[in-house]
Amino acid sequence: MTAVLGGRPEGLTVLNLGDDEFDTRSRLVVVGNGMAGARFVEEVLERGGGDQFRITVFGDEPHGNYNRIMLSPVLAGEEHEDDIVLNSHDWYADNGVNLRAGVRADRIDTAAKLVYAADGTATAYDHLVLATGSYSFVPPMKGVRADDGGLLPGVYGFRTIDETRAMLAATGSCKRAVVMGGGLLGLEAARALQGHGVHVELVHAAPYLMNVQLDPEAGAILKKSVESLGIAVHLDVFATEVIGTDRVRGVGLADGRQIEADLLVVAAGVRPHTDIGVRSGLEVERGIVVDDQLRTDDPDIYAIGECAQHRGEVYGLVAPAWEHATVLADVLTGTEPTAEYHGSRTATKLKVAGVDVAVMGINTPERDDDEFLVISEPRRGVHLSVVIRDDKLIGATLLGDTRKVAFLTQAFDRGAPLPEERIRLLVDLSDGAEEVGVAEMPGDSQVCNCNGVTKQTICDNVAGGSSSVGEVMDRTRAGKGCGSCKSLVKQIVEWAADGDVPEDPSESWYVPGIPMAKPELMAAIREQDLRSVSAVFGALAPDGQEDAKSKMGLTSLLRMIWGTEYVQENDAKFINDRVHANIQRDGTFSVVPQMKGGVTTPAQLRKIAEVAEKYEVPMVKVTGGQRIDLLGVRKEDLPAMWDDLGMPSGYAYGKSFRTVKTCVGSDFCRFGLGDSTQLGIDLETRFQGIESPAKMKLAVVGCPRNCAEAYVKDVGVVAIGNGQWEIYVGGAAGASVRKGDLLATVSSPEEVLTLTGRFMQYYRENANWLERTYDFVPRVGLDRLKQVLLEDSEGILADLDAGMQRSIDAYVDPWGQDGRQPATPGQFRTSLPMVDLPKAPVR
Amino acid sequence: MSMTDVRTTTAVVVGRVEEIPMGEGRAFVAGGEQIAVFRLRDGSLHATQAACPHAGGPLADGQTDGNVLVCPLHLYAYRWSDGAATGGTTPIRVFPVRDVDGEVVVEV
């Protein structure tokens, strides 16, 4: 309980050498080690201030610096206290900052420039920064304090980690809690305690909740949402008395009611910590008064954060505190000696008691010609309003639905132009919704999560001269990871270029190196009888130039078109297809033997175990596709390993048909309606190794309980009883999640095999390279697919069947083929025998 | 004792041309240095450092064309002419390499 948060291991102490007489750096002393003080020190260090200043930080609490905003999740048990540490004691030591944790600074001698602390020391300063923050205000109530002046046992403020710890400990024994204060902090405390199974009643002196931020109507809606959580709310009433002598037994209200309680949380607002300023003779009103450079009336003393009063405003939010820290660091380090702070426009977005709330500016109109738009849906717990003056957004309140907060914040902060139809500020109307969506996204929102590319980066790239989507993608790497963000990247590029994006013809090409769409390319290949990738480049590429990034797609296409008559060229294959294994981050490979339908045998398992031991496989892993993966295999070991395994390749590396997951079906499962296991095995037997524009993952389930996840597969088959099977296509559960579309319901396993084959062949012939079925099916349209595949509207079913059969006949197990006789010299020679690679961890 | 920084190169025979299939690369050790040597379909030879500067990928396992080499791990592409990355990231080192009577000679 008494552990120091962000502290050093016991026994370690900081060796304090005291003032070095020869140290010429000036002395910078910071009083307060909270969100403002510690951030300020960070900002100073970032500006190279470590060379200019000897920094000393006084912290009232014994801990390192922690994120006070996160105390609510800690109280709720959603975060661990260790995870909210921002700067540990080590951080201060590492950065040469002398942290006086647990030492309260009492008084300043402004003439002698000394800080007197509670431990009796006097510390000299050249520059002094006060960042003392605020404290929980405890309203006068009878019996709230014990005889020693401290709070009665069982009464807590909600401001520090120690108070949070104490409350957490108390939840074990307490049954009933009263939270005083229906502001943000009070609501969060109530919600957190209630989550621990404590019965919570909330007492709020104002007529509605969050009265500082919300209007009465929104407050009333919030009250309903809070009550629906099981928290009782008492409004418009003061708590006047704390009942109990040794500890809290209950709370007495002004109207005479008494509420039984063994825990009382006082969250009735905060007050700036200004004692040290008052005692030291600084100008103090509500807060310590500062000018635009955060300077107090003493030229060497500054105040930032919640203890500071700037132009009459005292802020209780972290954003202004951090702005203070930035400006003051600019001024003191000389990075920008004339930097000034002109006040903050505060916009907050938070989740209070499980409800999304965003507020900025004012919440009700103040002048006759202010525009005021309100959408109120009490039943849904949604209340949205905006206040507009002279065509500018001056206030917004969003409760229960904060989807529009990004755009509103932008409009509020920068005075961005508002839509003529004001209602668009609050709701998306159906027309042109996408365009609006992109425009509204804040610049720092991440578009490509794989490569960490933000909207701003994309816009900058367009401004920097990139003129096509492809160019932007090449330069920023956006969309180059899993690819699921490509369409968003495209929208942003078009938006950033004001729609002035030249039609990129290469978008319709099957591969970037051959200027032809897929049908045209396939026709040319057939017509000119091109059977190898180099032949295709020679005949169809501009100047006959080969293109590395087109080779893999062409190999796949040629194999589909020509089957056994395709002329193999290993350099046109991706490394995975050259060695029939999946390359790993450290240059080793993974080996996945075929395991049809996820069904295996003791003999197979024994064999796999022996092989894994023999080749010292670092990790053996059951895959998501119901197979066994041997990871970390050396390239040169692959052929011998296949030989020892004596099992065919599972094709876990290719842009091809991968696997069919199944459930146990009707053989053993008491719910099974169809023999899904056998059908899965039959599907895998028929379509094993079929190459395709992107990987194809299948599943068959014996009933709609969907244990093998057939609804989210490229092709998913579901038994629905009476011998009937549903076939879903275009499902996905990867970077995109999409439930497949029901293509047809058929009445036999044979029909499943036929229709699956037709769908896959149609996809193989018409999908773009790397286009998964979850993009292909919506692009073509389910209706069209049904017409083509069920009604033969294009008269191609016989061709589809023949095309698929050609590929099936061309199937050769690659492990059996290349294992004995390498396809090229050094096919399995290692490519990195002696370079240290980032090693994947061995388990 | 030399007062100037003189860089000398050594010509090393790493293997025979036919050890490298058309369009592919193979890794060799030359003068204690790990090198990837490629034989393009136009017959030209190219030598680069063996590990991708991005994440250590085995460049000899990459795919090639007349202009670039593409790393197999994250598809970063590097130009043969100067080793520059097309995406503007860290370049790779390229080494002079030639075919001398069927032997691959790399200067390191």
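## Hairpin of strands 32 and 33

In this predicted model, Gln626(A) adopts a positive phi near 65° in the hairpin formed by strand 32 and strand 33 of chain A, where five residues lie between the strands. The two strands of chain A are antiparallel and are joined by four bridges. Within this pairing, Val622(A) is opposite Ile628(A) of strand 33 of chain A.

## Sheet order and edges

The hairpin belongs to an open sheet in chain A. Four strands make up this sheet, in the order 30-31-33-32, and their pairing is antiparallel. Strand 30 (582–583) and strand 32 (619–622) of chain A form the edges, each having a pairing on one side only.

## Strands 31 and 33

Strand 31 (residues 589–591) and strand 33 (residues 628–633) of chain A run antiparallel, with three bridges between them. Ser590(A) has Leu631(A), in strand 33 of chain A, as its bridge partner. Val591(A) faces Leu630(A) across the pairing, the latter also in strand 33 of chain A.

How much of strand 33 of chain A is buried? Five of the six residues in strand 33 of chain A are buried, so the strand is mostly covered by the criterion of under 20% relative accessible area.

## Helix packed on the sheet

Which strands does helix 20 of chain A touch? Helix 20 (residues 638–645) of chain A packs on the sheet and touches strand 31 and strand 33 of chain A. The direction of helix 20 makes about 10° with that of strand 31 of chain A.

Conventions. Residues are numbered from 1 along each chain as its sequence is written. Chains are lettered from A and ligands numbered from 1 in the order in which they are written. This is a predicted model: local features need pLDDT of at least 70, side-chain atom pairs count only at pLDDT 80 or more; totals for chains, interfaces and linings use all residues. Side-chain values use heavy atoms; hydrogens and water are left out. Two strands pair if DSSP finds at least two bridges between them. Contact means heavy atoms within 4.5 Å. Axes are lines fitted to C-alpha atoms, for helices over the stretch in contact, and angles run from 0 to 180 degrees between N-to-C directions. Buried means under 20% relative accessible area, exposed over 50%, partly exposed in between (1.4 Å probe, protein chains only).
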